[in-house]
Amino acid sequence: MKLKSAWEKLTTSEREECFRIAERYKNFLNEAKTEWEAVRYAEKRLKGKADKVFKLKEKIIGIAIKGKRSLKDGLRIVAAHIDAPRIDLKVRPLYEKHGIALFETHYYGGIKKYQWVNTPLALHGKIVKESGEIIEWKVGEENDEPVFTIPDLLPHLASKQMEKKASEFIKGEDLDIIVGNMPIENEGEKEKERVKAEILRVLREKYNIDEEDFVSSDIEAVPALKARDIGLDKSMIGGYGQDDRICAFAGIEAILKLEEPEHPVLLILADKEEIGSVGISGLESNILRKWVIELLEDWEKNSSNSAVEKTLWNSKAISADVDAAINPIFEDVHDVKNAARLGYGVVISRFTGVRGKAGGSEADAEFTAWIRRIFNENNVPWQAAELGKVDEGGGGTVAKFLARLGIEVIDCGPALLSMHSPFEISSKADLFSAIKGYKAFFES
């Protein structure tokens, strides 16, 4: 089984389309840096295409399209997640220390904390007032707006810091964001924390935000970096949040290319995967079962337990999540023969989990063969891989939560370099392959 670059498998017209799609994808990454922004993007792009749209508080969305066959014959489901590792504000974030105002934070998802210091950050948020009014907040993305950052030590004073392990020299409690340095203008002001007072004044006057409002807010600090082409050949894309918004984007593009699918299809863009798919907007909840019941009621006027179970057990799914590409600088953590390569097509991964496949889902040989056939018949560039050496690492996806409902499922998505960093790297050819693969699966 010889490995071959996806670029070599694409026709000239496909290569041209690959670069056109990449421009849309970069715009998507710039526009959708939070889960609710990704939900809005999907809803806007698929308006008029969907037969049914499910949505919960702009955290998770389901896009359903009717097929020629009954729901009870099974859905074709592609499930990606739209949350990404980031820095969240605490409920009482604002404080002043040594004449500098800062926001206290709590990181979200698996990050290497040192990668987030001295990086320009933007604040994206929703503040819900006690009255129920929602204030949208986005600061740091436009050229004329300020950015924020987490300050690190200068090398001259970092000798003790540098002696620590990488996992320890930046602590979670040290990921605090600088937001101001100017005292409030009032000579008679008795406030001791005058820089904090100035920040509160700006928040109140410019954004109608009071200090207590942070208790009921979702404010995320994300890299204030634009997605860019990487390489002299412009074959790659660098940007924040590609795990797993590259799969979300590929699912959206695949849906847009559908005409009359044989089976009804469902694209799920879910929240909370990075912390275990918990909560009502994660796929560990019963939200998918609820959606299936609603589809059966709306489309077939029969949502009996038997109809629900038949629909679920006859359904097939792709857990659309990324894999780890071999890093040429750190190749020793990979089993090179069984690792994904950047630019070699969408990755099929039969199992996830860690150390003995624990906590994951494993696709059986029959379903894997079926996926292989679908991809090969449609000339989809693909590769088979697993994430890291045995006992070296691993990861989880939403696959096990779909399998729990009786749905056959396999992991399938592009490979990335620098995963979970503020600037992840993908291949344009792999993105194109994922779109082509998801479309073929939807049409199967």
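**Charges over rings**

I started with Arg86 and found its charged end sitting over the ring of Tyr108, 3.7 Å from the ring centre. Note to self: this is a predicted model. I then looked up Lys316, whose charged end sits over the ring of Trp370. Here the distance to the ring centre is 5.1 Å.

**Aromatic pairs**

Next I wanted the ring-ring contacts. How many aromatic pairs are there? The count comes to 13.

I picked out Phe28 and Tyr41. Their ring centres are 4.6 Å apart and their planes meet at 55°. Planes under 30 degrees apart would be stacked and over 60 edge-to-face, so I wrote this pair down as tilted. Where do the two residues sit? Phe28 is in helix α2 (residues 12–31) and Tyr41 is in helix α3 (residues 35–45), so the pair ties together parts that are 13 residues apart in sequence. Buried or exposed? Phe28 and Tyr41 are both buried.

**Back to Trp370**

I returned to Trp370, the residue with Lys316 over its ring, and checked for a ring partner. Trp370 pairs with Phe367, and I logged this pair as stacked, with 5.7 Å between the centres and 15° between the planes. Both residues belong to helix α9 (residues 365–377). Phe367 and Trp370 are three residues apart there, about one turn of the helix. I also checked accessibility: Phe367 is buried, and so is Trp370.

**Cluster**

Last look of the day: which residues join Phe28 and Tyr41 in one aromatic cluster? I found Tyr25 and Phe249 in the cluster with them.

Technical notes
Residues are numbered from 1 along each chain as its sequence is written. This is a predicted model: local features need pLDDT of at least 70, side-chain atom pairs count only at pLDDT 80 or more; totals for chains, interfaces and linings use all residues. Side-chain values use heavy atoms; hydrogens and water are left out. Rings of Phe, Tyr and Trp (its six-membered ring) pair if their centres lie within 6.5 Å; planes under 30 degrees apart count as stacked, over 60 as edge-to-face and the rest as tilted. Helices (H or I, at least four residues) and strands (E, at least two) are DSSP runs, numbered from the N terminus. Buried means under 20% relative accessible area, exposed over 50%, partly exposed in between (1.4 Å probe, protein chains only). A charge sits over a ring if NZ of Lys or CZ of Arg is within 6 Å of the ring centre and within 35 degrees of the ring normal.
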